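Here are a few exercises to work through with the model open in your viewer. Try each task before reading its solution.

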Amino acid sequence: MTHDTAPQQHSDIGDVNQRFYDGLWADTRLVHPERFNTWSLVSSLAESHTRRLEVGPGMRPRLPIAGTHFVDISPPALAALESAGGITHTAPISALPYANQSFDLVCALDIVEHVEDDEAALAELSRVAAPGARVLLSTPLHPEYWTPFDDIVGHYRRYEPAKLTQLLERHHLQIEQSAIFGMKPKSSRLNDLGMWFLQRHRPVAMKVYNRFLMPLGLRLQKPLELTPGMVATDGVEEVFLVCRRAS
């Protein structure tokens, strides 16, 4: 199977992800979903979609925490989510511990690009989603936009938009709406400085990000502007997708 990816420098992408995110979540507090620009959409969906699952939220869940099922591989994140009323399970996205058609609302933001076998990941998300369920996804686009940051955070790929659409269709997920997404600073100098610190002084970089840059990013984020179907993707580094599980 061909992946839309730049050459990886790591022999075990799973270990890269585990080390990076355990370190990131160990020095941060839970950010509640009401603080993100996805909340307006999510809160309206949650009213009529009570069986909810979020995969890989870390310390930044987007679905309402109380009563939602959360799957992650990070002990610090799962402990925080459980303390806030979430129902937690430790599992990879490729082996979700639920029966078929268990959920009406499924969320997996910034996840599939971290997984070597994205076919298996999408198959599991589709399997646990009931017919007509909404599935919320986000992922980076365009392999030519690959930077050292993608390596550092454990990305396995960036997607060509057309191939991403085909992947979703193979797993019975139809794109209903989409939006430009992400909280990456526009300043290339700021991005370069952040990568320099992550490569050479990772604990300091994570502390600065968690305590200063992330709160600033939350204050500066723009409203989520959804459009029907797939948004025009030229120059877009990351996309947010609202999909429907086909019957």
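**Exercise 1: the two sides of H3**

In helix H3 (residues 75-83), the buried residues are Ala 77, Leu 78, Ala 80 and Leu 81. Buried means under 20% relative accessible area, exposed over 50% and partly exposed in between, with a 1.4 Å probe and protein chains only. Helices (H or I, at least four residues) and strands (E, at least two) are DSSP runs, numbered from the N terminus.

Task: work out why these residues sit on the same side of H3.

Solution. Start with the arc, taken from the directions from the helix axis to the C-beta atoms. The buried residues cover only 165° around the axis, so they end up on the same side of H3. Next, flip to the face turned away from that buried side: there you'll find the exposed residues Pro 75 and Ser 83. Finally, step just past the helix, where Gly 85 has a positive phi of about 105°.

A quick note on ground rules: this is a predicted model, where local features need pLDDT of at least 70 and side-chain atom pairs count only at pLDDT 80 or more, while totals for chains, interfaces and linings use all residues. Residues are numbered from 1 along each chain as its sequence is written, and side-chain values use heavy atoms, with hydrogens and water left out.

**Exercise 2: reading the sheet**

Task: find the order of the 8 strands in the open sheet, and which strands form its edges.

Solution. Count two strands as paired if DSSP finds at least two bridges between them. The order comes out as E3-E2-E1-E4-E5-E8-E6-E7, with mixed pairing. The edges are strand E3 (87-90) and strand E7 (227-228), each pairing on one side only. Now zoom in on strand E2 (residues 69-72), which pairs with E3 in the parallel sense over 4 bridges. Asp 72 stands opposite Thr 90 in E3. H3 packs on the sheet here, touching E2 and E3 (contact means heavy atoms within 4.5 Å).

**Exercise 3: the cavity**

Task: what lines the largest cavity, and which elements each supply at least two of its lining residues?

Solution. On a 1 Å grid over the protein atoms alone, a cavity is a set of points where a 1.4 Å probe fits but cannot get out, and lining residues have an atom within 4 Å of a point. The lining consists of Val 112, Leu 122, Leu 137, Ser 138, Thr 139, Leu 164, Leu 167, Leu 168 and Leu 241. Sorting these by element, E5 and helix H6 (161-170) each supply at least two.

Notes:
Axes fitted to C-alpha atoms, helices over the stretch in contact; angles between N-to-C directions. 1 Å grid on protein atoms, 1.4 Å probe; cavity = no way out; pocket = protein on both sides within 12 Å on 5 of 7 lines; lining within 4 Å.
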